[in-house]
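Reader: I should be grateful for a close and formal account of a single part of this model. Please begin with the chain as a whole, and then set the chosen part in its surroundings.

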Amino acid sequence: MSPPETMRAVGVKNGKGPADALFIDNIPTPKPGASQALVKIKAFGLNRMDLLQREGQYPVPPQAPSTLGVEFSGTVAALGDGSTEDFKVGDEVFGLAYGGAYAEYISVATGMLIHKPKELSWEEAAGIPETWITATQALHLVGAFQKGNSVLWHAGASSVSIAGIQLAKAAGASAIYVTAGSDEKISFCVDKLGATAGFNYRTQNWADELEKATGGKGVDVIVDYIGAGYFQDNLRSAALDGRIVNLAFLGGVKVQGEVDISYFLRKRVRYEGSTLRSRDEPYQRKLRDMVVEKTLDKLKSGEFKVFVEKVFKFEDVIEAHRLMESNQTKGKIICTI
């Protein structure tokens, strides 16, 4: 049966706005281009960039459709011309896209698809691509993690850090520290995920506590989403030859007050920003392959877990966005179609 001419997709009234501006639209079904597959979506994952894009504050790559969403699971409905690797119509898959996942169908390069193992549910599979690829990129590709390194994951109960804690543990980290905004989130990271220790930034000075925990040595790799608000304390908390990977600016972009940059020289610190969505396809594909090689078997066996906080119906996407905005979650928010 060929795909319908039109499909339901989540739109944003007037192009941008609050969660209430989301609505179910009817738009043309995309056609798969060369080396692409058309996937009938079963579930898609929410990411913080979706909130920013909805508000008109996210630089969307030129090849992305206007529809939100970058990660999904579903079945291959059609294939474009050219090399489509070993994918065929009817295959169960999950994958990463430049956009368009908040919809019944999506056109995506087959190089960004992964065969869905039967051990994973549609909801779990939809929560893997953006999250685990970003964590792999931050830890291994940009953070240059080596066995025996120590790691600090800020926003420890965020989906990327939940994946990252598990990746660091499996790769032989000597210690894994986290920051989070509640004792409940700290307990989750330590008791459920196996982090060494966590610091509640609302009630503790996390940089002071980390200094005590490491005996003043600091940590080798810091993965940060806060930006300006943590800039000075990140420099202070880095070990000799430490690497700080900046992925977002939840704490602003302008550093306030006097800043001591001598750490860059004294500790030989490397501070590097990184993005995923704006990267070209070969770069993203390299990361997809790393996830397939390093992560997929552990996800199948249950050694690695995808933590799904809540599943919403596609039609309840407004509530799903409101929940993400509340910052109360530990893990993925998923919508099913």
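Author: The answer below goes from the whole chain to one chosen part, and then to other places in the chain.

This is a predicted model, in which local features need pLDDT of at least 70 and side-chain atom pairs count only at pLDDT 80 or more, while totals for chains, interfaces and linings use all residues. Residues are numbered from 1 along each chain as its sequence is written, and side-chain values rest on heavy atoms, with hydrogens and water left out.

The chain holds 11 helices and 15 strands; both are DSSP runs numbered from the N terminus, helices being H or I of at least four residues and strands E of at least two. Along the principal axes, its C-alpha atoms fill a box of roughly 65 × 40 × 35 Å. The radius of gyration is 20 Å, which agrees with the value near 20 Å that a compact globule of 337 residues would have. That radius is taken over C-alpha atoms, and the globule rule is 2.2 Å times the number of residues to the power 0.38. Of the 337 residues, 53% are buried, where buried means under 20% relative accessible area, exposed over 50%, and partly exposed in between, with a 1.4 Å probe and protein chains only. Among contacts (heavy atoms within 4.5 Å) with a separation of 6 or more, 69% join residues 24 or more positions apart. The chain exposes about 14,800 Å², and carbon and sulfur atoms supply 50% of this area; accessible areas come from the Shrake-Rupley method with a 1.4 Å probe, and for residues only the protein chains shown count as cover.

The chosen part is helix 11 with strands 14 and 15. Strand 14, helix 11 and strand 15 make a right-handed β-α-β unit. A crossover is right-handed if, with the strands pointing away from the viewer, the path from the first strand over the helix to the second runs clockwise. Strands 14 and 15 run parallel and are joined by 5 bridges; two strands pair if DSSP finds at least two bridges between them. Within this pairing, Lys 313 stands opposite Thr 336 in strand 15. Strand 15 also has antiparallel strand 3 (residues 36-45) as a partner, through 3 bridges, and there Gly 45 stands opposite Ile 334. Strand 15 is largely enclosed by the rest of the structure, because 4 of its 5 residues are buried.

Helix 11 spans residues 317-325, and its buried residues are Val 317, Ala 320, His 321 and Met 324. Seen down the helix axis, these residues fall within an arc of 95 degrees, so they line one face of helix 11. The arc is that of the directions from the helix axis to the C-beta atoms. Strand 1 (6-12), strand 2 (22-28), helix 1 (48-54), strand 14 (308-313) and strand 15 (332-336) are included in what covers them.

The loop between helix 11 and strand 15 contains Asn 327. Asn 327 has a positive phi of about 60 degrees although it is not a glycine. Most residues other than glycine have a negative phi. At 39% relative accessibility, Asn 327 counts as partly exposed. Elsewhere, Glu 85 also has a positive phi, near 55 degrees; it lies in the loop between strand 4 (71-79) and strand 5 (92-96). Glu 85 is partly exposed, with a relative accessible area of 34%.

Another part of the chain offers a further β-α-β crossover. Strand 11 (residues 219-224) is joined to strand 12 (residues 238-246) by 5 bridges, and the two run parallel. From strand 11 the chain crosses through helix 7 (residues 231-237) to strand 12, and this crossover is right-handed. In strand 11, Val 221 stands opposite Arg 243 of strand 12 and is also the bridge partner of Val 151. Strand 8 (residues 150-153) runs parallel to strand 11, with 3 bridges between them. Strand 11 is mostly covered, with 6 of its 6 residues buried.

Helix 6 (residues 206-213) has Trp 206, Ala 207 and Leu 210 as buried residues. They cover an arc of only 95 degrees around the axis, which puts them on the same side of helix 6. Their cover includes strand 8, strand 9 (175-180), strand 10 (197-200), strand 11 and helix 7.
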